[in-house]
Amino acid sequence: MNAQAPEPPVHHGVDAAEEAAAMITAVGFPRMPGRVMMALIAAPAEGYSAADLADRLGISAAAVSGAVRYLQTIQVIRRVSRPDRRRDHYVIIPDTWYGLMTNNGPIYERLATHIEAIGAEHDDDHAARRRAAEMAELFRFKARRRPELVDEWEAFRAEHHPPA
């Protein structure tokens, strides 16, 4: 009897996914959730199981568990159960970035208000007031531009990616 072991799955985009994960980690996104998220972007249509993610990324089941829990909490991925599969799979939620971009706009305005309060506490420190004022101004600028960016994205997407 010559039973052959199944071929290991072929994972595409591994190097690019790891580079992208490293980049978002460098700007503050947690490392393991970033790696899992980028792996899921490259996943087949049915997504990856936790075991698939552990295999693809060379990480423990515990690391996968913590990462998917985080990504589910921030509503970037969802778990998909099907009766014909023994294991749940994880997939990127469609339009997740669009939702994050449109729903988090008020945060910038609130952040600007808090940063201005920091500056206001420094009556005699002009440099601290100036830094706080400039940062608050940046966040208010982002808050004002957010609706325009969303409109531009919707127009671009409609033109380049019409509904199927």
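User: How are helices H2 and H4 oriented relative to each other?
Analyst: H2 and H4 are roughly perpendicular, because angles of 65 to 115 degrees count as such (under 35 is roughly parallel, over 145 roughly antiparallel, the rest oblique). Their axes cross at roughly 80° and come within 8 Å. Axes are lines fitted to C-alpha atoms, for helices over the stretch in contact, with angles from 0 to 180 degrees between N-to-C directions. Helices are DSSP runs (H or I, at least four residues), numbered from the N terminus.
This is a predicted model: local features need pLDDT of at least 70, side-chain atom pairs 80 or more, while totals for chains, interfaces and linings use all residues. Residues are numbered from 1 along each chain, and side-chain values use heavy atoms, without hydrogens or water.

User: Which residues of H2 and H4 meet?
Analyst: Contact means heavy atoms within 4.5 Å. From H2 come Met32, Pro33, Val36 and Met37; from H4 come Ala63, Ala67, Val68, Tyr70 and Leu71.

User: How do I read an aromatic pair?
Analyst: Use the distance of the centres and the angle of the planes. Rings of Phe, Tyr and Trp (its six-membered ring) pair with centres within 6.5 Å; planes under 30 degrees apart are stacked, over 60 edge-to-face, the rest tilted. The structure holds three such pairs. One of them, Phe29 with Tyr70, is edge-to-face: 5.9 Å between centres, 85° between planes.

User: Which parts does the Phe29 and Tyr70 pair tie together?
Analyst: Phe29 sits in the loop between H1 (14-26) and H2 (31-41), and Tyr70 in H4 (residues 61-73), so the pair links parts 41 residues apart in sequence.

Methods. Helices (H or I, at least four residues) and strands (E, at least two) are DSSP runs, numbered from the N terminus.
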